[in-house]
Amino acid sequence: MKKTLLTLICLTLFSNFIFAQPFATEQIIDPSTGNEAYEIASGDLDGDGDIDIVMATYDYNGGVPATDYIKWYKNDGMGNFTVETNVSSTNVWIDGLTVADIDGQFGLDIIVTSSTSGVSYFLSNGTGFDAEVIVDGTIVGPGEVVAGDINMDGNMDIAVISFNDGKTLWYSGDGSGNFTAEADIENGTGNFTLYVSLADLDGDTDLDAVVTYYGNQSIEIYYNQYIESGSTAVTWVKDTVTVDSGSTATNFLFNVTTGDVNNDGSINIVAVDNSSGEVTWYNKVKNGASTANAISDETIIDRPAFARVSDITNDGFNDVILTDGGSNDDAIIFFEGANNASPSATPTLIADNNFQMWDITIADFDADGDKDIASIGNFNDTVFWFENELITLSVSEFDSEALIIHPNPTTEKLTFSGNFNEALDISVYDALGHVVLSNKIAANESLNVSQLSDGIYIIKDNNSDMTKKFVKQ
């Protein structure tokens, strides 16, 4: 539904502006996705320990249904992707896409919304995906879909919006692929529900919902009462103070996301206005004031499309990554985060092309310890990724034999040897760029990695910036 609305908005020119960037030029994964590449997500789809990519198209085609595709791309662990057999070519107008482990088997599963199936999923079988399973085919105007453990039972649940009915729905999962429709998160607003995001906004450990509306362009929070109820019941209570009331005349909230923008330990809300060009983060007090803080405006990107909050500079602070959804001079930029402060006012360029990037996904695709970015080109029907060269560019010159780890691959322990005298300050990064182990290691000592999941990892010596890859199997 977002795509349908967006085609009605005039797209204008974006002015060039910027700067050196720590990312390589785009590497094309799929030069021919099918018309109107629109959604992208990433995760370990085949259970082999590295991060794969999935994409979906939304070919509005003037309101006449056309062929849309769900396609996935297998990663070899080094950022080399293979175009695999289509997951589907029968779902029409795919407006929502996410990945999650629905059944606890093989890799992550694919969840989508479409006009043909409402909300549905495709289970991973380790080498591809099984046939589509429909969760709810009665949703009118299905849009954004997200997944998370809403009722805290250890199984993945699904939340989805119904644009036409003005509802936000959720379905509890049983861990085996079965879903039950639960009481709506919200309904009957009459304002055309546009977007939903899940996050713990009140700090009580359960997932709350941020919901936006097309009719009045407002942003609301609905708090999950699972913890407050003292039982296994999930109910929803609306925050008494609106995050932002919006304006139907000047706003089009194309994307709303969540994350710790100012790095103070609390989750914030980020709204991307494709019409005015404003990108804003909100510091919200529960049932109290909401403070709006500018990230970007039309002088930087006139038609912003999508924002993500993630630490792509590996300094421990979240950054804000933003794409341009215009048709003439698209870009991806980021605003560097800081400790307990707003992001930098001056953006850094990641890429400047003419691809019209309406979605991005962030993960360590080449397993080198930093987070890369993948996106889709709606304008030129492509999937591509940008290698983050942060670690490569910051590594000092060193003897490639200075650090030796063995055995590699390993099942239990890694032994360190080589030309070093002082103990190593070791950090182990997973494929998402998260530190999963830290330790001090002397020459010929071993590190126990038996508790790690199978996959590719990066070892970094924090004293020298020496890095090595290893495989846990």
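**Exercise 1.** In this predicted model, find how many bridges join strand 12 to strand 13, and in which direction the two strands run.

*Solution.* Start with strand 12, residues 167–173. Strand 13 covers 179–181. The two are joined by 3 bridges and run antiparallel. Now pick a residue: Ser172 stands opposite Thr180 in strand 13.

**Exercise 2.** Place this pair in its sheet, and work out which strands stand at the edges.

*Solution.* Write down the strand order: 10-11-12-13, an open sheet of 4 strands with antiparallel pairing. Next, look for strands with a single partner. These are strand 10 (142–148) and strand 13, so one side of each has no neighbour in the sheet. Finally, add the twist: it averages 25 degrees from one strand to the next.

**Exercise 3.** Explain what the salt bridge between Lys74 and Asp48 ties together.

*Solution.* Check the distance: 3.1 Å, N to O. The cut-off is 4 Å, so the pair qualifies. Locate the partners. Lys74 lies in strand 4, and Asp48 lies in the loop between strand 2 and strand 3, so the bridge ties together parts 26 residues apart in sequence. Both partners are partly exposed: Lys74 at 29% relative accessibility, Asp48 at 32%.

**Exercise 4.** Decide whether Glu220 and Lys238 are buried, partly exposed or exposed.

*Solution.* Their side chains meet in a salt bridge of 3.7 Å, N to O. Glu220 sits in strand 16 and Lys238 in strand 17, 18 residues apart. Take Glu220: its relative accessibility is 6%, and buried means under 20%, so Glu220 is buried. Lys238, at 41%, counts as partly exposed.

Key. Residues are numbered from 1 along each chain as its sequence is written. This is a predicted model: local features need pLDDT of at least 70, side-chain atom pairs count only at pLDDT 80 or more; totals for chains, interfaces and linings use all residues. Side-chain values use heavy atoms; hydrogens and water are left out. Two strands pair if DSSP finds at least two bridges between them. Axes are lines fitted to C-alpha atoms, for helices over the stretch in contact, and angles run from 0 to 180 degrees between N-to-C directions. Buried means under 20% relative accessible area, exposed over 50%, partly exposed in between (1.4 Å probe, protein chains only).
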